[in-house]
Amino acid sequence: MTQLTTSTPVSRRFDLSQQFTALHKISVALSRSLDLGQTLQAMIQALYEHAFMQYGMVCLFDKSRSALFIEALYGADTEVVKGYKNVRYRIGEGILGTVMSQQRSLVLPRVSDDPRFLDRLNVYDYDLPFICVPIPGPEGIPLGVLAAQPMELQEDRLPASTRFLEMVANLICQTVRLVGHMSQETEALRQERDTLRRKVKHQYGFDNMVGNSQPMRQIFEVIRQVAKWDTTVLVRGESGTGKELIANAIHYNSPRTLEPFVKFNCAALPDNLLESELFGHEKGAFTGAVRQRKGRFELADGGTLFLDEIGESSASFQAKLLRILQEGEMERVGGDTTIKVNVRIIAATNRNLEEEVRNGRFREDLYYRLNVMPINLPALRERQDDIVGLSQFLIAKLAAKQGRELRISDGALRLLMGYSWPGNVRELENCLERASVMSEEGLIDRDVILFNHSESPSMSSPGQGRVIIPPALGDAAGDSDMDDRQKLIAALEKSGWVQAKAARLLGMTPRQVAYRIQILNINMHRL
């Protein structure tokens, strides 16, 4: 017979006060951890140490395999513990299977007297009692069984000991259901996280990047190569060319894709707040620092930090940034503990950094540290071959957002290709969104295209003149030097503020006039 590895308590009498002590210890064990195996092991250890019951065992029912399997066991030697995971009890098999089948407790005054006792673990004392109780479950079906062997042969105490184990089984029931619920939620969150990661990776995948012009094909190839390594990248280009999109593509196609991608605009905060935002601060470091706060570098540890508008940063900030790029370490504001971080840096700027270095506004050593792998994005006017593809891509995105079908006419596309796009892709996206809102039938035609700048192309001749008001408006207004707003107001005054008459004067449709009144913010409530 295998002996217990833990010393036997001096007193074996199990009175009421000891029951309360044992229940307290068991409830503490059950509430201490959400690791089910660890929790159940601590619980049956408490059964031995405080309730004088040896070889406590919890078996849970596995529906997929239609059998009971041992989840926790205490008191057996090492070899038994190693092998108990392979032991199973089918419903109706042995004492444990019988309790599971009959859904009620079973007490053996002496193990040797009942032939149903299988003793597959070969640890129990055949001269002592054995108690097995069901662990309650939903809809009356047990979750499993709890079994233990009292250390003394006292038949008069068996009913009290059985009721005690039934109370413990109720506690186990709540724990098993809670852990199961938490496991389901954790798995659901894990699946949601993986789905979002796949979605984001697809969103910023190379196949989802638009551009067939030669400059963009070269940039896409560079991104594919750069994404594989931890090289520092400097993305350069005018505002609105898609520098952040490039940074996303590099991160989500790199080995760091499962780690954080943290973005920070260096021009968004004054210099006295930049350091705290990037490096964090300790509690009490300055007025308002009521608690410790991690900075963007710590939050991005293991992943990528995107520093947008790096050319706008101050000299003092550049010095601190240079140190962390060189050494990979920093201190929080108000702290003296050096913190090591592993962060890939992707910086972006629309400034001419070489000129900034010559003028002393940007540190030369930081420039060389950042400019390891430069990616220069061309302006949209330099790749007009991509305008049609970009427009169709953006319209598909708008259609999904608005939940309807959107189309664009060939005339509208020709109009877009004749514009210089000083605001680049961002301006194109805004222009198309504005036009889609004004397209009730879902067809974006040239009459709803409105540009933001005065160098807009002509309605009749792309690349020349203006688009907001057609040439007929100048004649109606009587002054070719007036701007579009003044011309429209002049036509409205001449027609007595009747939009239909003003439209005839201008050679436009009433809808075009109403649209331009709204866009140009003309007040129609006049005396």
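**Exercise 1. Leu506 and the helix that holds it**

Determine whether Leu506 is buried or exposed in this predicted model, and state which residues of its helix are buried.

*Solution.*
Step 1. The relative accessibility of Leu506 is 0%. Residues under 20% count as buried, so Leu506 belongs to the buried class.
Step 2. Leu506 is part of helix α18, which covers residues 499-506.
Step 3. The buried residues of α18 are Ala502, Ala503 and Leu506. Viewed along the axis of α18, these buried residues lie within an arc of 105°, and therefore they line one face of the helix.
Step 4. Just after α18 comes Gly507, whose phi is positive at about 70°.
Step 5. Between the C-alpha atoms of Leu506 and Lys487 there are 9.3 Å, while the two residues are 19 residues apart along the chain.

**Exercise 2. The span and the buried side of α6**

State how many residues helix α6 has, and find which of them are buried.

*Solution.*
Step 1. Helix α6 runs over residues 214-226 and has 13 residues.
Step 2. From the first C-alpha to the last, α6 reaches 19 Å, which is close to the 18 Å expected at 1.5 Å a residue.
Step 3. In α6 the residues Met216, Ile219, Phe220, Ile223 and Val226 are buried. They occupy an arc of only 125° around the axis, so they are on the same side of α6.

**Exercise 3. The neighbours of strand β9**

Identify the strands that pair with β9, and describe how its two faces are covered.

*Solution.*
Step 1. Strand β9 spans residues 304-308, and 5 of its 5 residues are buried.
Step 2. In a regular strand, side chains point alternately to the two faces of the sheet.
Step 3. On one side of β9 are Thr304, Phe306 and Asp308, and on the other are Leu305 and Leu307; all of these are buried.
Step 4. Strand β8 (residues 261-265) pairs with β9 in the parallel sense over 5 bridges. Phe261 stands opposite Thr304 in β9.
Step 5. Strand β12 (residues 344-349) is joined to β9 by 4 bridges, and the two run parallel. Here Thr304 stands opposite Arg344 of β12.

**Exercise 4. The neighbours of strand β7**

Which strands pair with β7, and which residues cover its two faces?

*Solution.*
Step 1. Strand β7 comprises residues 233-236, with Val233 and Val235 on one side and Leu234 and Arg236 on the other, all of them buried.
Step 2. The pairing of β7 with β12 is parallel and has 4 bridges. Within this pairing, Val235 stands opposite Ala348 in β12.
Step 3. Strand β13 (residues 373-376) is joined to β7 by 4 bridges, again in a parallel arrangement. The bridge partner of Arg236 in β13 is Asn376.
Step 4. The chain then leads to Pro378, located in the loop between β13 and α13 (387-402). Pro378 is buried, its relative accessible area being 12%.
Step 5. The C-alpha atoms of Pro378 and Thr241 are separated by 7.3 Å, although their positions lie 137 residues apart along the chain when counted from one to the other.

**Exercise 5. Two residues with positive phi**

Locate Tyr55 and Ser66, and state how accessible Tyr55 and Ser66 are.

*Solution.*
Step 1. Tyr55 is not a glycine, yet its phi is positive, near 55°. Tyr55 lies in strand β1 (residues 53-62).
Step 2. With a relative accessible area of 4%, Tyr55 is buried.
Step 3. Ser66, likewise a residue other than glycine, has a positive phi of about 50°. Ser66 is in the loop between β1 and β2 (67-73).
Step 4. The relative accessible area of Ser66 is 38%, which makes this residue partly exposed.

**Exercise 6. The second largest cavity**

Describe the volume and the lining of the second largest cavity.

*Solution.*
Step 1. The structure contains 2 cavities of 30 Å³ or more. The second largest cavity encloses about 100 Å³.
Step 2. Its lining residues include Met57, Tyr89, Phe117, Asp119, Arg120 and Phe130.
Step 3. Helix α4 (residues 94-102) gives the largest share of this lining, with 3 residues.
Step 4. By type, the lining of the second largest cavity consists of 9 nonpolar, 1 polar and 2 charged residues.

Key:
Residues numbered from 1 in each chain as written. Predicted model: local features only at pLDDT ≥ 70, side-chain atom pairs only at ≥ 80, totals over all residues. Heavy atoms only, no water. 1 Å grid on protein atoms, 1.4 Å probe; cavity = no way out; pocket = protein on both sides within 12 Å on 5 of 7 lines; lining within 4 Å. Points joined across faces, edges and corners; volume = space filled by probe spheres on them. Nonpolar A, V, L, I, M, F, W, Y, C, P; charged D, E, K, R; others polar. Buried < 20%, exposed > 50% of the residue type's maximum accessible area, 1.4 Å probe, protein only. Pairing = 2+ DSSP bridges. Expected span 1.5 Å × (residues − 1). Arc of directions from axis to C-beta.
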